[in-house]
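Welcome! Let's practise asking why a structural label fits and checking it step by step.

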Amino acid sequence: MLSSASDPIIAIATAPGRGAVGMVRVSGKGLLPFVQALVGRELRPREATYGPWRDAQGQPIDHGLTLWFPGPNSYTGEDVLELQGHGGPVVLQLLLARCLEVAVQGSLPGLRLARAGEFTERAFLNDKLDLAQAEAVADLIDASTEAAARSASRSLAGVFSQRIHGLRDALVNLRMLVEATLDFPEEEIDFLQKADAAGQLQRLQAALVAVLGEARQGALLRDGLQVVIAGQPNAGKSSLLNALAGAELAIVTPVAGTTRDVVQQTIQIEGVPLHVVDTAGLRDSPEVDEVERIGIERAWGRIRQADVVLFLHDLTRADIPAYAAADQAIAAGLPADVPVLHVWNKRDQRPDAPVAADALALSARNGDGLQALRERLLQLAGWERAGDGLFMARERHLQALHRVRDHLEVAGRWLDGSADALDLLAEELRLAQQALGEITGEFTADDLLGVIFSRFCIGK
């Protein structure tokens, strides 16, 4: 993917569709002749200039603002040109075609359409952003809650990267001590003991635990929690989804099997996105037709993919042996590795009915108990109320931090001073630093870069 990194690139940088304002962005080296040929006048760097953009016959395509950012003082680190005009798709396509036409005439050979995320990729390759910051650009665009947007903004500003750099610096210092001991084994002074290498390793591990905890919170803000509501027909699953969402999203009737497909809605609790899924009622009955059977199969599929299963029971039928037996059969089929929260609905109809200590009772009809349910879902997600310093993180960041933790744990076992153990200790510390470097892009395979940037939107 890096073979064409020197080509000048162009794209419509605003979202598809109609809008008040649209932008065409160009990035490359030596854009000044192209800029002058396109706009026909001198531009001052980083100063917006209003005027027309003309076609080959000299007729105006549109009027708008032209901004010229000479590299390296630009988003990509290269020369960047931004044309900000009206946001009609036809106008923007005409402007894009005109830029390509001017380039072909000799002012900018090799200009091509940008791939998804290629502008931010250039910023990464030209050291304007590290990889964690580059990913935060996409996370900021895709943020589904205010808390997620603020956390992504902090990651873009470098908060997460600074924490990683702090860990790296401490790790590099420890590696230097180990390497010094390996290089000078004849010295009487034990470098590791004198420099308190064991203490340094323990402090590094403690700092890593803190960063890992914050990263988990950031990943939760980004990815949210998949919550699947499951249970028998007429337990109130659709009513609960509507109550949590505050809208009539799912049809609610007393007829068993009303919900025949998956209905999903994203809500937020304290800024954490929860993707709540209502599923078809689970039952094994001769009354189940083909359509409902497919819905039940899909329900089990979503249950297996869930982060939390909200198993909804009906308090009004709790004393019916057949109903209790069906509940037990459903519980036996739930995945063992997925947390299950048992919730008893219709508390308004049986306010004095007992429930298990680890279960919740509520009424989807009048809202009693919904707040307790929200708090319990956050607890199951591992959410902790954080201050204003929380940063955004991704699953790959968590995996890298887990590898760092594992390498440091193994390194601690080899910290006994023997020559063979020191070699193994040095290797584990090297691997730990490499795993840290994957987060910021210091050590990153090209295929990983391709996966990351291909998920960006065109023009960014």
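Q: To begin with a single pairing, what is the bridge partner of Ala11 in S2?

A: This is a predicted model, and in it the bridge partner of Ala11 is Arg25, which lies in S2.

Q: What makes strand S1 and S2 count as paired strands?

A: Two strands pair if there are at least two bridges between them. Strand S1 (residues 9-12) and S2 have 4 bridges, so they pass that test, and they run in the antiparallel sense. Together S1 and S2 form a hairpin with 6 residues between them, and in the turn Gly17 has a positive phi of about 110 degrees.

Q: Which strand does S2 join through 8 bridges?

A: That is strand S5 (residues 79-87), which runs antiparallel to S2. Arg25 stands opposite Glu82 in S5.

Q: How do you know that strand S2 is mostly covered?

A: Buried means under 20% relative accessible area. In strand S2 (residues 19-28), 7 of its 10 residues are buried.

Q: Why is Pro16 called exposed?

A: The cut-off for exposed is over 50%. Pro16 has a relative accessible area of 83%, so it is exposed. Pro16 lies in the loop between S1 and S2. Its C-alpha atom is separated by 31 Å from that of Gly441, 425 residues apart along the chain.

Q: Now to another sheet: what is the order of the open sheet of 6 strands?

A: The order is S8-S9-S7-S10-S11-S12, and the pairing is mixed.

Q: Why do strand S8 and strand S12 stand at the edges?

A: Strand S8 (263-269) and strand S12 (360-361) each have a single partner strand, so one side of each is left without a neighbour in the sheet.

Q: How do you know that strand S11 and S12 pair?

A: The test asks for at least two bridges. Strand S11 (residues 340-345) and S12 have 2 bridges, so they meet it, and they pair in the parallel sense. Trp344 has Ala361 in S12 as its bridge partner.

Q: Which helices pack on the sheet?

A: Among them is helix H8 (residues 197-223), which touches strand S7 (225-231) and strand S9 (272-278), its direction making about 50 degrees with that of S9. Helix H10 (residues 290-305) packs on the sheet too, touching S7, S8, S9 and strand S10 (308-314).

Q: What shows that S9 is largely enclosed by the rest of the structure?

A: 7 of the 7 residues of S9 are buried, so the label fits. Both faces are covered: Val272, Leu274, Val276 and Asp278 are buried on one side, and Pro273, His275 and Val277 on the other.

Q: In which sense does S9 pair with S7, and in which with S8?

A: S7 and S9 pair in the parallel sense over 5 bridges, with Val228 facing its bridge partner Val277 in S9. S8 and S9 pair in the antiparallel sense over 7 bridges, and Gln268 has Pro273 in S9 as its bridge partner.

Q: What makes H9 roughly perpendicular to H12?

A: The axes of helix H9 (residues 237-245) and helix H12 (residues 370-381) cross at roughly 85 degrees and come within 11 Å. Angles of 65 to 115 degrees count as roughly perpendicular, so H9 and H12 earn that label. In this contact, Leu240, Ala243 and Leu244 in H9 meet Leu370, Leu373 and Arg374 in H12. By class, the contact has 5 nonpolar, no polar and 1 charged residues.

Q: Why is the aromatic pair of Phe160 and Phe391 called stacked?

A: Planes under 30 degrees apart count as stacked. The planes of Phe160 and Phe391 are 15 degrees apart, so the name fits, and the rings are 4.5 Å centre to centre. Both Phe160 and Phe391 are buried.

Q: What makes the pair of Phe453 and Phe456 tilted?

A: The planes stand at 40 degrees, which is neither under 30 nor over 60, so the pair is tilted; the ring centres are 5.4 Å apart.

Q: Are Phe453 and Phe456 buried or exposed?

A: Set against the cut-off of under 20%, Phe453 at 1% relative accessibility counts as buried, and Phe456 with a relative accessible area of 6% is buried too. Ring pairs link Phe124, Phe453 and Phe456 into a cluster.

Technical notes
Residues are numbered from 1 along each chain as its sequence is written. This is a predicted model: local features need pLDDT of at least 70, side-chain atom pairs count only at pLDDT 80 or more; totals for chains, interfaces and linings use all residues. Side-chain values use heavy atoms; hydrogens and water are left out. Axes are lines fitted to C-alpha atoms, for helices over the stretch in contact, and angles run from 0 to 180 degrees between N-to-C directions. Angles under 35 degrees count as roughly parallel, over 145 as roughly antiparallel, 65 to 115 as roughly perpendicular and the rest as oblique. Contact means heavy atoms within 4.5 Å. Ala, Val, Leu, Ile, Met, Phe, Trp, Tyr, Cys and Pro count as nonpolar, Asp, Glu, Lys and Arg as charged, and the others, Gly among them, as polar. Rings of Phe, Tyr and Trp (its six-membered ring) pair if their centres lie within 6.5 Å; planes under 30 degrees apart count as stacked, over 60 as edge-to-face and the rest as tilted. Buried means under 20% relative accessible area, exposed over 50%, partly exposed in between (1.4 Å probe, protein chains only).
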